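Q: I am new to this structure and would love a close look at one part of it. Could you walk me through what you find there?
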Amino acid sequence: MLLNWTVMILYNYFSAMFVGPGYVPLGWTPEKSQDCMYLQYCKVCQSYKAPRSHHCRKCNRCVMKMDHHCPWINNCCGYQNHASFTLFLLLAPLGCIHASFIFVMTMYTQLYNRISFGWSSVKIDMSAAKRDPRPIIPFGLSAFAASLFALGLALGTTIAVGMLFIIQMKVILTNKTSIESWIEEKAKDRIQYYQTGETFIFPYDMGSKWKNFKQVFTWSGIPEGDGLDWPVRNGCHQYSLTIEQLKQKADKRVRSVRYRAVEDYSGVCCPVTKGVKTFFTTPCTEEPRIALSKGDLILATRGLKHWMYGEKILDSAADGGIRERGWFPRKCVEKCQYDSETDQPVDGEKKNR
C-alpha cells in the first residue's frame, strides 16, 4: 500500500511538472477582431491575453487559466495540469499519514519490551530486543532517531501540503483560480471606493460545486475545453472578467503615485545599507526587486511601511517596451510634485474618475 501511494504521488507530481499548464499561442488574437477591445495585450508574447490567462514572469509566457507558479514543480499550475497538481496535494498527505502510522507502530512495538519502570526511574535498553525471535532489522538508537525524524517530516508534510490542498479545493469548487479570487476581491474594493453601484458577478462559476468540479477533473484526465474559450453563467458576458481587469488596470494608473529615486539601490532582497528596519521588513514574496539609480522615475501602486511596489518609467523606444516592476525601499525615493501618473493631484478628482 505504501508503494502504491508512492507511485501515484510521483505520477501526478511528474505529470504536473512535465505536462505543464498550457500556454496561449504566440500571436493569438480572438476570432472576432472587435473582441480585442475587451482583452489585454501582452508585449512579451506579442499576442492578446485570452480570458483567464495571465503572463508568468518565470515561464515568460502567457499561461492558460493560470493559478500560480509553483517552485516545487518548477512550472505553473494552470489549465492542463491543475488536476494533476491537486491530486498530488491530496495523495502526498495521505501517503504521509500512512507512513506516520508505520513509524508510530514500529517505535511502539520495538520499545514495548525495552522499557522497564522502577520506583523512581524509567530505563530504556536499546542494546537488543528482549524477545524471541529477534527482528530482521536491528532497532538500535540510530534507528529510533531516524524513525523519530522521519515521523516529524511526515507530520509536517501532512499539515503543510494538506492546507494547500484545502486552499486549492476551495477555488476549484467555485471554478476560480487563486489569481481570479484576488481579482474578485479587488473588484469589490473598486466598486466600494468609487461607489458606482455596480455588482460584479464572477462569470465562470456554474452555480454547482459538482459542475465546477467537473471543469477540472475528468475521467480521461484531459480538462474540458481548449483553455481559450470558457462557458459562462447565465446573465454574464463572455468577457466580464477581462473587462473588470481593464477597469482595475485603469484605476491602478489613476491611483499610482510618481516618485523620484534619491538614492541608488542595487535590487538585492535584503539591503544592509538601507537601515535595520528595511532589512528586517523585506516583503515575503516571490515578486522581484528593481534596481534604482539616482534620478529614476517610478510609478508606485502599493506599499508597506518601509517598502513600495511600482513600475520604473522607461524610455519605451530605447528599452524595447520592457517593463520593470518590483519592490524597492521607501527611503530611496521621494514623492514628486504631482502625485499621479496623469499629473492630477486632487484626490476628489481621482474618486470621480
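Is C336 buried or exposed? And which residues of α4 are buried?

A: Happy to help. This is a predicted model, in which local features need pLDDT of at least 70 and side-chain atom pairs count only at pLDDT 80 or more, while totals for chains, interfaces and linings use all residues. Residues are numbered from 1 along each chain as its sequence is written, and side-chain values use heavy atoms, with hydrogens and water left out.

C336 is buried, with a relative accessible area of 16%; buried means under 20% relative accessible area, exposed over 50%, and partly exposed in between, using a 1.4 Å probe and protein chains only. Another cysteine, C56, is buried at 3%. The cysteine sulfur closest to that of C56 belongs to C76, but at 3.3 Å the two are too far apart for a bond. With a disulfide taken as a pair of cysteine sulfur atoms within 2.5 Å, the count is zero.

Now to helix α4, residues 178–194. Helices here are DSSP runs of H or I with at least four residues, strands are runs of E with at least two, and both are numbered from the N terminus. The expected span of a helix is 1.5 Å times one less than its number of residues. For the 17 residues of α4 that gives 24 Å, which agrees with the 25 Å between its end C-alpha atoms. Its buried residues are E180, I183, E184, A187, R190, I191 and Y194. Seen down the axis, they fall within an arc of 120°, so they line one face of the helix; the arc is that of the directions from the helix axis to the C-beta atoms. An α-helix has 3.6 residues a turn, so residues three or four places apart point the same way. On the other side of α4, W182 and Q192 are exposed. Just after the helix, Q195 has a positive phi of about 50°.

R190 also has a charged partner. It is buried at 7% relative accessible area and forms a salt bridge with E198, the closest N and O atoms being 3.3 Å apart. A salt bridge means a side-chain nitrogen of Lys or Arg within 4 Å of a carboxyl oxygen of Asp or Glu. E198 forms a salt bridge with K247 too, at 3.1 Å. That pair links distant parts of the chain, 49 residues apart: E198 sits in the loop between α4 and α5 (209–216), and K247 in helix α6 (residues 240–255).
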